[in-house]
Amino acid sequence: MTSSFPGPAGPVAGADGHAGEDLLAGYAAGTVDGVAVWSVEAHLTRCARCRAALSAHVDAERLAGNRSVLLVRAALPEGGRARRLLCRCGVPDHLLRLLVATPSLRRSWLLSVAGVLAVVAGEAAAVTHGWLGSGGHMVPPGMLDPGVLAPFLLVAPLLVLAGVAAAFLPMFDPAYRLAVAAPFSGVTLLLVRTVSALAAALVAVVAAAFVLPGPGWLPAALLLPSLALCAFALAAATVTDPRAAAVTAAALWALPVLLLAAAHVPLLIVQRNAQFACAAVLCASALVLLARHDRFDLGWTR
Amino acid sequence: MRPGAAESDDVALLRAVARGEEEALAALYDRHAGWLTVRLTRRCAMPDVVDQAVQDTFLALWRGACGYRGGGDVAAFIWGIGIRRLIDAIRRESGARRRLRWRAAEPEVVVSAEDQVLVGVEHGRLGQALAGLSPELRGAIEATVLDGLTCAEAAVLLGVAEGTVKSRCHRARVALRTALAGPPSGPDTTAPHREAWGTS
Amino acid sequence: MTLNVRTAAVRAEGLSRRYGATRALDDVSLTLDRGITGLLGPNGAGKTTLLSILATVNEPDTGQVSVFGLDPRDAAERLEIRRRLGYLPQELGYHRHFTVAGFLDYVAILKEITDRRRRAEEVARVLAAIGLERRARTRIRALSGGLRQRLGIAQALLGRPDLLILDEPTAGLDPEQRLRFRELLSGLPGDPVIVLSTHQADDIAAICPHVVVLLQGQVHFTGTPAELAATAAGRVWAAGERDTRAHLSWRGGDNRWRHIGNNPPAGAELVAPTVEDGYLLLSHAAGAR
């Protein structure tokens with residue numbers, strides 16, 4: 001549906017009912033005013049030809065610039081619901097984008113962790129409830145044999161440590177040297193990555209701990225050891241080779257758990273004295289980290 | 001070019017964009033970014049903000065946040081998204097924190113009945129009456145009636161308080177009614193015009 | 001701190017670095033000015049170590065570095081250097097699931113471009129400069145080696161650095177891509193200090209007005225490519241047959257033998273030396289030591 005355009009100041013429109021060049025040029029330049037503008041805009045909504053003609057009056061360089069930026073923004077991944085939720089909570093967008101590079105936040109990693117925890121916790125639950133063969137356990141079904149919890153106690157904090165290690169070890173970051181040479185604070189980058197990896201892993205571990213047949217305080221009791229383990233690994237990484245630090249931390253957890261399991265008292269590792277010890281390790285590690293945080297800026301070159 | 005052909009091209013392009021074809025997005029941009037930029041610039045003089053709004057509009061089309069359900073011009077559909085993106089951009093620019101409401105999807109584009117009326121009206125009595133309004137009142141009418149914005153959105157666009165928008169719309173309606181009720185020509189028409197040119 | 005980016009340069013004095021028993025750098029001193037400097041040397045000569053020290057990624061055992069008057073040993077000044085730096089490490093790895101645009105966006109954040117809009121503009125600018133606009137959505141694992149190399153160069157250009165350090169940027173590029181790379185480097189705005197390393201002399205001859213030859217951790221030559229070629233003047237000759245007195249001989253495309261040596265036979269047909277000839281001669285001399 002076209003309209004006739006007498007025009008505000010005389011016959012500037014073509015006889016075919018479209019907006020004339022002068023009118024379009026005036027509209028683009030902002031010199032046309034008043035009600036005539038509304039008529040032009042109403043016509044443009046319908047007429048592709050006049051729309052194309054109007055484009056000729058817009059700064060081509062500006063249009064091209066916006067076009068290339070648009071295509072870049074369209075090429076960037078949008079991010080899932082979790083990211084949008086965090087954005088609303090006020091987390092800056094650029095920090096969230098940094099997390100894309102963290103292997104321990106990828107779906108494949110998280111699924112593997114969930115899988116391992118499910119198997120270990122599920123097996124413990126199944127044995128306790130008598131669904132699986134008791135495999136030589138002395139305790140009748142329905143009662144809790146603490147030995148059944150040992151695998152979970154061994155594995156769960158190690159999985160948290162693995163997640164954090166993947167966040168800070170250079171071998172997991174292919175573009176690691178770029179990160180070192182860049183002005184963005186190495187400490188911030190590390191914090192963002194390790195805290196996120198820690199949170200994700202802890203959620204999985206605590207959730208699995210609820211499935212576990214055991215004392216009700218077990219999920220909470222796993223928090224401190226996991227945190228202490230990760231803090232120790234990070235602190236040790238400022239002193240020695242990061243990979244060695246991670247392996248040492250893992251060993252420092254595995255050894256006591258295995259020993260206590262062999263002595264049939266696996267739960268001791270998460271009971272009161274051990275919790276105090278973990279708290280002490282956590283504090284000491286935090287102090288070391290504070291004192292040596294500039295190591296993260298230099299890269300682990302020494 | 002037959003109007004029908006261009007229109008169906010646009011619909012096809014929109015569908016291709018929804019499918020994730022980047023070339024379709026670029027083609028849609030080439031067709032529509034020009035007029036969108038000009039029309040948005042008339043609402044907001046800051047070129048950076050307009051650029052942002054134009055990018056955000058096509059990005060919204062790309063992300064499929066607003067489903068085009070057919071019927072109505074594609075250009076009008078794009079305008080509906082564009083004007084709201086402009087308001088978002090202005091709001092971000094001016095640092096206003098208040099969010100109007102959580103919109104899960106873009107509202108359906110207002111049928112351009114007003115557009116149809118306007119197109120034939122320019123030099124009729126309504127056109128004269130509109131021309132007689134002061135720029136502020138015309139701006140309020142344009143934002144609320146033509147662009148289909150809520151009073152709160154119009155307030156952001158015009159840079160005034162929401163109450164000011166409401167009062168301007170009211171005064172504009174009064175002035176138009178008076179102008180249309182009076183004789184087409186004669187000394188009486190000066191009275192409504194004086195009323196229209198109030199303060200603020 | 002005052003920063004004189006116009007006239008100051010990059011200075012290294014007495015740099016030494018050991019890795020266990022091997023001495024990667026041995027008392028290396030050099031000066032870099034605006035424009036392109038080529039670092040020529042074989043693998044293992046210490047080029048990567050030197051560049052990583054200049055890029056503040058590594059620390060020397062002894063010696064000092066000054067980049068635009070800033071000292072990387074001071075944390076605040078090191079940060080300032082990194083703000084003006086673009087670095088392409090050797091064998092840069094990529095997160096394989098990244099797309100081209102996603103990776104550049106990530107690096108742009110590392111370069112402290114926190115505003116989303118400015119970041120998109122920078123990424124668009126760099127993609128256009130390196131000719132990868134059409135590949136913005138391609139996953140990096142689907143790119144060929146040459147394209148990945150171009151992506152590596154592109155990330156170094158983000159943020160318009162004043163100091164561009166490129167470690168083996170032409171590795172994996174075919175001749176046409178090398179040509180475009182040269183055009184790109186010579187057209188960079190802001191006239192940055194550029195240092196690139198290579199073990200191919202024809203790259204030097206084509207791009208670099210200034211060359212430093214690094215052999216076994218030591219600087220053996222500083223000057224222009226013409227001067228490097230001139231060091232082999234009178235010591236390059238051609239013959240129909242192989243000459244055993246020459247240090248190096250090979251048969252050229254025209255089926256004649258080309259010889260490089262310190263003692264050309266009397267009456268030998270001397271040929272004009274190339275940059276590569278000068279480099280080979282130096283390299284042989286260093287090896288003989």
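## Thr56(C) and its surroundings in a predicted model

With 27 C-beta neighbours inside 10 Å, Thr56(C) counts as buried, because a residue is buried if 20 or more other C-beta atoms lie within 10 Å of its own, exposed if 12 or fewer, and partly exposed in between, with C-beta atoms placed from the backbone. This is a predicted model, in which local features need pLDDT of at least 70, side-chain atom pairs count only at pLDDT 80 or more, and totals for chains, interfaces and linings use all residues. Residues are numbered from 1 along each chain as its sequence is written, while chains are lettered from A and ligands numbered from 1 in the order in which they are written.

Thr56(C) sits in the loop between helix 1 (47–54) and strand 4 (62–67) of chain C. Helices (H or I, at least four residues) and strands (E, at least two) are DSSP runs, numbered from the N terminus. Thr56(C) has a positive phi although it is not a glycine. Glu168(C) also has a positive phi and is not a glycine. The table sets out the two residues.

| Residue | Phi | Loop in chain C | C-beta atoms within 10 Å |
|---|---|---|---|
| Thr56(C) | near 60° | between helix 1 (47–54) and strand 4 (62–67) | 27, buried |
| Glu168(C) | near 50° | between strand 6 (163–167) and helix 6 (175–186) | 24, buried |

Leu164(C) lies in strand 6 of chain C. Leu164(C) is buried, with 23 other C-beta atoms within 10 Å. Leaving aside neighbours within four places in sequence, Leu164(C) is in contact with Gly86(C), Ala156(C), Pro192(C) and Ile194(C); two residues are in contact if their C-beta atoms, placed from the backbone, lie within 7 Å. Ala120(C) is 44 residues from Leu164(C) along the chain, and their C-alpha atoms are separated by 21 Å.

Chain C as a whole has 9 helices and 13 strands. Of its 289 residues, 46% count as buried. Among the contacts in chain C with a separation of 6 or more, 67% join residues 24 or more positions apart. The C-alpha atoms of chain C fill a box of roughly 70 × 45 × 35 Å along the principal axes. The radius of gyration of chain C is 21 Å, which agrees with the value near 19 Å for a compact globule of 289 residues. This radius is taken over C-alpha atoms, and the globule rule is 2.2 Å times the number of residues to the power 0.38.

Chain C also touches chain A, in a contact that takes 28 residues from chain A and 38 residues from chain C. On the chain A side, helix 4 (60–75), helix 6 (93–98) and helix 9 (176–181) each supply at least two residues. Helix 4 of chain A gives the most, with 6 residues. By class, the side of chain A that touches chain C has 18 nonpolar, 4 polar and 6 charged residues. Ala, Val, Leu, Ile, Met, Phe, Trp, Tyr, Cys and Pro count as nonpolar, Asp, Glu, Lys and Arg as charged, and the others, Gly among them, as polar.

Within chain A, helix 7 (residues 107–128) meets helix 10 (residues 186–211). Residues of helix 7 of chain A in this contact include Leu110(A) and Gly122(A), and those of helix 10 of chain A include Ala200(A) and Val211(A). The residues of the contact divide into 13 nonpolar, 1 polar and no charged.
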